[in-house]
Amino acid sequence: MDASGKPSPQRPRRIETERETYSAGAKLAIWLSILAVVGMFALVYLLVARSARHAVRPPTRFSTAAPVRPKAAAKPTSAVLSEAEIEQIRKEYERPDTPDTPSRGTLRERIDKEYDAAKRRVELYLGQNRWGDAIGALEHVLDRYDDEELRLRADPELVELRRRANRAFKAQMAEASDHAAAGRFPQARKALERIIATFGRDEFTAPAKEELKALAEREDAEAAAHYARSIAAVNAILPSWRFDDALAEARKLKFDRAQYQQALARRVERIQALLALKKKIIERIINASPRLSKRAMGVPGLSGELTIADQENLHAITDKGEEKIPWERLGPTGATRLALAAGSKDDPKHRLAVARLLLEVGHLEAAKEQLEAAKALGAQIADDEAELAARQQTPPEPKKE
């Protein structure tokens with residue numbers, strides 16, 4: 001009790017309990033167990049997250065072949081696109097180093113970019129009528145990537161592009177054929193060469209090259225025939241001894257090919273030589289003293305003397321008066337004797353000139369005799385003998401004395 005006599009409140013009794021204690025080894029084991037459980041949960045979480053990431057990413061197929069960086073394309077010119085636009089197309093058309101280069105964006109993005117650049121290049125090529133390059137631009141992208149989506153997009157466009165190319169090819173081949181049929185060989189050759197240059201693919205160029213070869217053969221034949229016809233018209237004048245007229249006609253002729261120009265030049269030179277020899281004969285007749293006897297010279301007609309001559313006729317005095325004898329009436333004997341009288345019989349050059357005159361006016365046997373005489377004097381007559389042999393294949397009708 002306290003001092004007031006009241007009893008003191010009872011204090012609560014403290015129950016002393018023995019506290020459980022753990023050793024240091026036990027505590028370490030507990031912490032290790034907790035860390036193991038946390039680590040296991042973390043590992044499970046990472047595995048689940050990785051599986052989810054791979055599950056939502058679609059696999060992409062691409063060719064395992066390493067792509068080849070194309071050569072830098074020559075800078076094209078276009079009447080439609082500006083230089084800046086053409087340069088931008090070239091830059092966009094450049095290929096990435098490899099399909100799986102991470103720094104160049106995703107594979108899908110690279111494929112789409114290259115495809116769009118190829119389409120723009122196709123339009124550029126079509127503006128220049130470069131059909132082969134246009135087709136090749138699309139084919140290159142398709143060959144570069146084994147991608148189904150790309151094929152679904154590009155295949156129809158490639159089919160349409162080929163259809164247009166075939167239609168253009170047939171039209172240009174028809175144009176070349178029309179020119180060839182009309183004898184316009186330069187235009188036909190130009191059309192075929194344009195096909196080879198602009199289409200640039202064997203499927204188009206092979207037929208064009210065959211046509212070009214056939215055209216060249218036909219052109220050669222036509223050129224040879226044209227030269228033969230033209231020279232034949234000149235040669236037809238020579239038997240009449242109108243060498244001046246033949247020379248004028250020969251000088252009118254024009255040939256595109258060097259070989260025929262050279263042959264014409266040689267023909268003109270031969271006719272000039274005939275004209276010079278005829279002039280010497282005329283001078284010999286005019287200046288002869290005494291006058292040349294018609295009979296001694298083998299000139300046809302009445303007996304008499306030759307007094308004068310010009311480009312059209314020989315003039316003579318006979319017992320019955322004046323007589324005109326056209327040059328073409330001279331037979332092989334008269335032509336030979338008059339021609340020999342215009343120079344020295346011992347001069348091989350003069351003998352060869354006489355032989356050539358007789359050859360051109362159609363006296364082939366007399367020409368042969370004079371060629372042999374010229375050869376005996378030392379003249380080189382191989383070419384003239386070949387010409388004589390060729391003319392003897394189709395000899396002219398013999399002339400009467």
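User: Is Glu-369 buried or exposed, and what is its relative accessible area?

Analyst: This is a predicted model: local features need pLDDT of at least 70, side-chain atom pairs count only at pLDDT 80 or more, and totals for chains, interfaces and linings use all residues. Residues are numbered from 1 along each chain as its sequence is written, and side-chain values use heavy atoms, without hydrogens or water. Buried means under 20% relative accessible area, exposed over 50%, and partly exposed in between (1.4 Å probe, protein chains only). Glu-369 is therefore exposed, at 54%.

User: Which helix gives the largest share of the negative patch?

Analyst: Glu-365, Glu-369, Glu-372 and Glu-385 form a negatively charged surface patch. Patch members have over 30% relative accessible area and no salt bridge; like charges are joined within 9 Å, nonpolar side chains (Val, Leu, Ile, Met, Phe, Trp, Tyr) within 5 Å. Helices (H or I, at least four residues) and strands (E, at least two) are DSSP runs, numbered from the N terminus. Glu-369 sits in the helix that supplies 3 residues of the patch, namely H13 (residues 364–376).

User: Which element gives the most to the largest nonpolar core?

Analyst: A nonpolar core is a set of buried Ala, Val, Leu, Ile, Met, Phe, Trp, Tyr and Cys residues joined through side-chain atoms within 4.5 Å. The largest one has 54 residues, and Trp-241, Ile-281, Leu-314 and Leu-338 touch the most other members. Elements giving two or more residues include helix H7 (202–235), strand E2 (304–309), strand E3 (313–318) and helix H12 (348–360). With 10 residues, the top contributor is H9.

User: How far apart are the C-alpha atoms of Leu-338 and Ile-285?

Analyst: Leu-338 belongs to helix H11. Leu-338 counts as buried because its relative accessible area is 2%. Leu-338 and Ile-285 are 53 residues apart along the chain, yet their C-alpha atoms are separated by 8.5 Å.

User: How many salt bridges does a search of the whole structure find?

Analyst: A salt bridge puts a side-chain nitrogen of Lys or Arg within 4 Å of a carboxyl oxygen of Asp or Glu. One network of them links Arg-267, Arg-270, Arg-356, Glu-360, Asp-384, Glu-387 and Arg-391. Across the whole structure, the number found is 24.

User: Which residue forms a salt bridge with Arg-108?

Analyst: The closest N and O atoms of this pair are 3.5 Å apart. The two residues are 4 apart in helix H3 (residues 107–127), so about one helical turn separates them. Arg-108 is partly exposed at 25%, and its partner is partly exposed at 22%. That partner is Asp-112.

User: Which residue in helix H4 pairs with Glu-114?

Analyst: The closest N and O atoms of this salt bridge are 3.3 Å apart. Glu-114 lies in helix H3 and its partner in helix H4 (residues 131–144), so the pair ties together parts 30 residues apart in sequence. Glu-114 is buried at 2%; the partner, also buried at 8%, is Arg-144.

User: How far apart are the closest N and O atoms in the salt bridge of Glu-160 with Arg-163?

Analyst: Both residues lie in helix H5 (residues 148–181), 3 residues or about one turn apart. Glu-160 is partly exposed at 34%. Arg-163 is partly exposed at 40%. Their closest N and O atoms are separated by 2.6 Å.

Terms used
Accessible areas come from the Shrake-Rupley method with a 1.4 Å probe; for residues, only the protein chains shown count as cover. Lys and Arg count as positive and Asp and Glu as negative; His and the chain ends are not counted. The place of a charge is taken as NZ of Lys, CZ of Arg, CG of Asp or CD of Glu.
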